[in-house]
Amino acid sequence: MDKLVIHGNTHLNGEVKISGAKNAAVAIIPATLLVDGITTLENVPNISDVKIICEILNTFGAKVNWIDNNTISIDARNLNCTDAPLDMTSKFRASYYLLGSLLGRCHNVQVGLPGGCNLGARPIDQHIKGFESLGARVNVSQGRISASCDKLIGTSIYFDVISVGATINLLLASVLSNGTTILNNVAKEPHIVDVANFLNSVGADIRGAGSDSIKINGVSHLRGNPTYSIVPDQIEAGTFMVAAVASQGNILIKNCIPKHLEPLSAKILEMGGTINDLGDSLRVSCNHRLSSVNIQTLPYPGFPTDLQPQIGVALSVSSGTGIINEGIWESRFLYTDELNKMGAKISSRGTTAVFEGVSKLLGAPVYASDLRAGAALLIAGMIADGTTELYNIHHIDRGYEQIETKFNSLGAKIKRINCD
Ligand code: EPU
């Protein structure tokens, strides 16, 4: 087990390049199983969730080859369509995308119930409802989920809740189905559009991704040999944006899509930060203490839940009192207990937390409860007085590529230490 030791009081300055989006990559890599050919993916984030999904693809007979640090080729011509190893699939959330892609390609699939960050209940009833509507038989028992069908037949599906995972899974399952599928009340996150763009680039017929309703005209097969570049990670970009203003620094964030970051940009401006939109990069800075704001997390284009813990750190040292209402997950304030160990004054109850801004955080030993909580505590450590030891950093490695290298290039003082 590694830990990060962070010497604080840093004003972050310089430039950083954003990697490809985790939540797009962990969907597009399983999507390549639908392609009867070889796919090359560029701008792939080199993170542990991506490495695990690549290993799982290999167990299905797909040949995943790392061409360089951020490029992979996947040969899915000869799949053996067996069951996914349960210990591997239950390790992380995105293994549920194997359900959609293998149901579409092989008409039969079994995976372990998905794991992932502990954010409260994480049901998959909408995924199951969608597969069943397409004609699949789905069975959940003893920690496994299996789905099979003779063929999938296009239909109209209305999601009762807006779900990123269910939207993508039903896109995957329906591209090779017979007829037309219409998905209503879908998620609109940039990675939904990226998955649809990838599938269209290999011959799918998907329209409307990014709106409330997506239409998929089933096609008989998807062709190989395309090269596709994964969209930049808006959550990684947002993490650096928050770090820039919370540390009263100045960062040029390169390889990002400013449009995807508008909900965060609006809040940073409201808090007194400065943002210059340079097209494919953002310069984010602040030279004074931020002011508190209230935040409500919502599905895109609302304020993203995956940036809630990071902005929570900024609120913890802002002047005044701010309130965050978490609108997606029932339990995403575990990080506030850790921040309180660093001198923050946060009280949380259910899905609401009240942040009474303090002038300074103080370094302390803290534990990451999940990926974004880990990123938030890293920011806290960089702006605090003294030294912070951050444990459970395997959570951070799931979703951020070379995080301490990137922050150290901006002036942070972070060391990774092996505790074994
Ligand atoms: N929900 C249901 N039934 C379902 C599916 C979801 O009730 O069948 C509920 C959930 O309980 C939650 C809400 O709908 O309250 C939204 O869940 P969603 O399905 O959108 O989440 P997800 O697909 O499991 C993805 C990201 C999360 C991110 C959420 C919301 C991946 C692999 N994960 O999860 O990312 O928080 O969307 O944007 O794409 C992260 O990257 O740190 C992370 C947790």
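A residue counts as near a molecule if one of its heavy atoms lies within 4 Å of that molecule. Keep that in mind for the exercises below. This is a predicted model, where local features need pLDDT of at least 70, side-chain atom pairs count only at pLDDT 80 or more, and totals for chains, interfaces and linings use all residues. Residues are numbered from 1 along each chain as its sequence is written, and side-chain values use heavy atoms, with hydrogens and water left out.

**Exercise 1.** Work out which residues and helices surround the ligand.

*Solution.* Step one: count the neighbours. The ligand has 24 residues around it, and the closest are Tyr96, Ser163, Val164, Asp306 and Ile328.

Step two: look for helices (DSSP runs of H or I, at least four residues, numbered from the N terminus). At least two shell residues come from each of H1 (22–31), H5 (125–133), H6 (164–174) and H12 (371–383). H5 gives the most, with three residues.

**Exercise 2.** Find the polar partners of the ligand's oxygen atoms, then say how much of the ligand is covered.

*Solution.* Step one: check the backbone. Here we want pairs of N or O atoms within 3.5 Å. A ligand oxygen is 2.6 Å from a polar backbone atom of Ile328, and a ligand oxygen is 2.9 Å from one of Gly165.

Step two: check side chains. An N or O atom in the side chain of Trp329 is 3.0 Å from an oxygen of the ligand.

Step three: get the cover. On its own the ligand has 830 Å² of accessible area (Shrake-Rupley method, 1.4 Å probe), and the protein covers 90% of that.

**Exercise 3.** Decide whether Glu338 is buried or exposed, and list what it touches.

*Solution.* Step one: locate Glu338. You'll find it in helix H11 (residues 334–341).

Step two: apply the cut-offs. Buried means under 20% relative accessible area, exposed over 50%, and partly exposed in between (1.4 Å probe, protein chains only). Glu338 has 11%, so it's buried.

Step three: list partners. Leaving out residues up to four places away in sequence, Glu338 touches Val366, Tyr367 and Leu377; contact means heavy atoms within 4.5 Å. The side chains of Glu338 and Lys341 also share a polar contact of 3.0 Å; within protein, one atom must be able to donate a hydrogen and the other to accept it.

**Exercise 4.** Do the same job for Asn139.

*Solution.* Step one: Asn139 sits in strand S7 (residues 137–141); a strand is a DSSP run of E, at least two residues.

Step two: its relative accessible area is 45%, so Asn139 is partly exposed.

Step three: not counting residues up to four places away in sequence, Asn139 touches Arg144, Ile145 and Ser146.
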